[in-house]
Amino acid sequence: MDGKDKRQIPMDLHVKRNCPALSDPRHNVFHPHFLLGNGHLQTIAASFASRITPQRVQFDREMLKMNDGGVVSLDWAKSGFTNDKLVLILHGLTGGSHETYVQDLILELQDMGLNSVVMNFRGCADTEVVTPQLYSGHYTGDITETVEHILKKKDYRMIGVGFSLGSNVLINYAGTMGNKCPLLACVSVGNPYDFMGAMLALHRSWLGRVYSYKMGQSLADMFDKHKHHFEDKLDLDAIRNVKDIVSFDHLATAPIGGYKTVHDYYRKASSVQRIPDITIPTLLFTAVDDPIAHQELIPWYEVEANPNIILATTSKGGHLGWYRDGWDNIIPTKRWFQRPVAEYIQCMFQVHLLILACSKGKAKTSSPNHSHCQKGCCYHYKIKNQMDRDLKAALGSCPWLPHAQKMITSPLMKQIAVQQSLSLALVV
């Protein structure tokens, strides 16, 4: 093919065309439920949802033994689909396949004809702990072995989705694997990004300390079921009576994981430091009013530096909430986030097919490391609620983050709207 005949199709163009809930101002408006108008109410509703909502997805469970003797469980959603497209889902802290946010996404994916499997961490969702090793936000050994196992079963085209702590694990995995990552793309929802910063922000308010207490108790309850593995190693009474999540991580997570201190664990576990190393298309989806994953920790500069990342923010939504308004949702049970997330996943599968078609024909694909880009590029979809509808490219208006506001005026940020080249730019 002659060089004059080549033209590049930036990745963001595919996203704009195929993800209206993410990029189209007519459709990317999140209307929070009228009873859940702030992040705290959305978060509280999400925390109670799985306790009162019946199971809507049926699973086939597979127990997978790790190299160290531990086990995770894989819950394969029953769908009847025989295609090779699979979405691997990682749940949040002490969660599992039973969580409503997990099942909301699975149902949306099934409407698109996509298969799903949930990896339940050690000790979660009735998965036994059989060795003195727990899961954590830093440990990526289990997801590494799980992906390898799944690909041995069938040559799936696989995309990963993580929620909260699971999204931190997923980003750590994708960044650590770099160019060797076998996933086609990944989606991070409600990621805390920076564990140290998140804990400091969480404990600045009395309500944040309530969240911390509840998360600590949830971890202690999970640990109590498997404490016999740690009787000679840890102070079990102190763990049973923890007052916050930091205390649990200090008494259990850090020593079990071999970290020098709890702060050593937080610093090493923070996925924000691995965002620059991600080489696959990635969507970061977060609510600005999330009280768990605080707004000041949103990785603006890291997104700017990595052309493979799309950042989408909503001003409302809380932590894994996003309960929408509507006459069909008077009692808040229906979420909104799964639509833009599922559209992005479907789009990434479509892009992969385009890449395969180009590679088999006369067309070629450009290098995934963006050697053609002289400057870093990023794209930010600021999804609005009904009080603030306009979609803005680049970083948008960010009054909660002064340094991001200043970046808008830089020559680089002004060029981004016309210089988009996210992930693999197809050369056809």
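Strand β7 (residues 185-189) and strand β8 run parallel and are joined by four bridges, and within this pairing Val187 stands opposite Leu283 of β8. In this model, which is predicted, β8 also pairs with strand β9 (residues 309-314), again in the parallel sense and over six bridges; here Thr282 has Ile309 of β9 as its bridge partner. The strand β8 is thus a good place from which to begin reading the structure.

How much of β8 (residues 282-287) is buried? Six of the six residues are, so the strand is largely enclosed by the rest of the structure. The burial applies to both faces of β8, since Thr282, Leu284 and Thr286 are buried on one side, while Leu283, Phe285 and Ala287 are buried on the other. For the protein of 428 residues, 59% count as buried.

From the strands the reader may turn to the nonpolar cores. In soluble globular proteins, nonpolar side chains tend to be buried together. The largest nonpolar core here has 68 residues, of which Leu88, Ile143, Ile150 and Phe223 touch the most other members. Helix α8 (residues 206-224) supplies the largest share of this core, namely seven residues. If residues up to four places away in sequence are set aside, Phe223 touches Leu134, Phe230, Leu234, Leu236, Ile239, Phe248 and Ile256. Separate from this core is a second one of 43 residues, among them Cys19, Tyr101, Ile345 and Ile355.

Ile143, already met as one of the residues touching the most other members of the largest core, also takes part in a contact between two helices, in which Ile143, Thr144 and Val147 of α5 meet Val169, Leu170 and Tyr173 of α6. The residues of this contact divide into five nonpolar, one polar and no charged. As for the geometry, helix α5 (residues 141-153) packs against helix α6 (residues 165-177) at an angle of about 70°, and their axes lie 9 Å apart. Because angles of 65 to 115 degrees count as roughly perpendicular, α5 is roughly perpendicular to α6.

These elements belong to a protein whose secondary structure comes to 15 helices and twelve strands. Among the contacts between residues at least 6 apart in sequence, 77% join residues that are at least 24 apart.

Terms used. Residues numbered from 1 in each chain as written. Predicted model: local features only at pLDDT ≥ 70, side-chain atom pairs only at ≥ 80, totals over all residues. Heavy atoms only, no water. Axes fitted to C-alpha atoms, helices over the stretch in contact; angles between N-to-C directions. Parallel < 35°, antiparallel > 145°, perpendicular 65-115°, else oblique. Contact = heavy atoms within 4.5 Å. Nonpolar A, V, L, I, M, F, W, Y, C, P; charged D, E, K, R; others polar. Core = buried A, V, L, I, M, F, W, Y, C linked by side-chain atoms within 4.5 Å. Buried < 20%, exposed > 50% of the residue type's maximum accessible area, 1.4 Å probe, protein only. Pairing = 2+ DSSP bridges.
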